[in-house]
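Subject: Structure for you to look at

Hi,

Here is the structure I promised you. Please open it beside this email and follow along.

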Amino acid sequence: MNRRNFIAHGCTACLSIAVAPALLTSCTSTRYITGNMEKDGLRLNKSEFKTKGKGSQAYLSFIIVRNDAFKYPICIYRFSETDYTALWMRCTHQGTELQASGDFLQCPAHGSEFNNKGQVTNGPADNNLRTFPVVVSNNDIFIDMRKQS
Ligand code: FES
């Protein structure tokens, strides 16, 4: 490789390194909300899932609710306008807080994984995640925290 090629390829590589993190950040950004705590659970607006698509309305596949009222966050997956799951982000192996990544949650401690319904897909955890009933109305989603499964 001559000097000219080295400089040209080197600049391309440097540009890739400089731009890649910005692209990755925008692709993987996660929306965190606090929701509204009520006596029996948590309420949020369906519009929290809205995001900008290419010319049409698009929706995030999940959002995370962090609220001082509870120790672990809740990950809410959206499957359709009327179908959601609410998952307690506490690993059932030893209690580490999970990380959501697309359609699954992963434990940073020992690598357990759970799907977007809360079912274990990879150990060492052998129990599914705690889930909460989700009641959907016109504009709201209510997470009933009195009950769990
Ligand atoms: S605490 Fe999550 S896999 Fe061990």
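Start with the open sheet of five strands. Its order is β1-β6-β7-β8-β13, and its pairing is mixed. β1 and β13 are the edge strands, each pairing on one side only. Keep in mind that this is a predicted model.

Now walk across that sheet. Strand β1, residues 32-33, runs parallel to β6, and two bridges join them. Tyr-32 has Ile-64 of β6 as its bridge partner. Next comes the step from β6 to β7. These two strands run antiparallel, with four bridges between them. Here Ile-64 stands opposite Cys-75 in β7. At the far end, β8 and β13 are antiparallel and share two bridges. Ala-86 faces Phe-132 of β13 there.

There is also an open sheet of four strands. Read its order as β2-β3-β15-β14, with antiparallel pairing. Why is one side of β2 and of β14 left without a neighbour in the sheet? β2 (36-37) and β14 (134-136) stand at the edges and have a single partner strand each, so nothing in the sheet flanks their other side. For β14, look at the pairing with β15, residues 140-144. The two run antiparallel and are joined by three bridges. Within this pair, Val-135 has Phe-142 in β15 as its bridge partner.

Next, the inside. The largest nonpolar core has 26 residues. Which of them touch the most other members? They are Ile-74, Cys-75, Ile-76, Leu-87, Met-89, Leu-105 and Ile-143. At least two core residues come from each of β3 (41-45), β6 (62-65), β7 (74-80), β8 (83-88) and β15. β7 gives the largest share, four residues.

Take two of these core residues in turn. Cys-75 first. Leave out its neighbours within four places in sequence. Cys-75 is then in contact with Phe-62, Ile-64, Leu-87, Met-89, Ala-100 and Leu-105.

Now Ile-76, which also lies in strand β7. Is Ile-76 buried or exposed? It counts as buried, because it has 27 C-beta neighbours inside 10 Å, and the cut-off for buried is 20 or more. Again, skip residues up to four places away in sequence. Ile-76 touches Phe-62, Ile-63, Val-65, Tyr-84 and Ala-86. Try a distance too. From C-alpha to C-alpha, Ile-76 and Met-89 are 10.0 Å apart, with their positions 13 residues apart in sequence counted as separation.

One detail sits in a loop. A cis peptide bond joins Gly-123 to Pro-124, with omega at about 20°. Pro-124 lies in the loop between β12 (120-122) and β13 (131-132).

Then the whole chain. The protein chain has 15 strands and one helix. It has 149 residues, and 19% of them count as buried. Take the contacts with a separation of 6 or more. Residues 24 or more positions apart make up 37% of those.

Last, how far can you trust it? The mean pLDDT of the protein chain is 83, and 79% of its residues reach 70 or more. Residues 11-27 need care. pLDDT stays under 50 there, and the model has zero contacts beyond four places in sequence for them. Where pLDDT is low, predicted coordinates should not be read in detail.

Best wishes

Technical notes. Residues numbered from 1 in each chain as written. Predicted model: local features only at pLDDT ≥ 70, side-chain atom pairs only at ≥ 80, totals over all residues. Pairing = 2+ DSSP bridges. Core = buried A, V, L, I, M, F, W, Y, C linked by C-beta atoms within 7 Å. Buried ≥ 20, exposed ≤ 12 C-beta atoms within 10 Å, placed from the backbone. Contact = placed C-beta atoms within 7 Å. pLDDT = per-residue confidence, 0-100.
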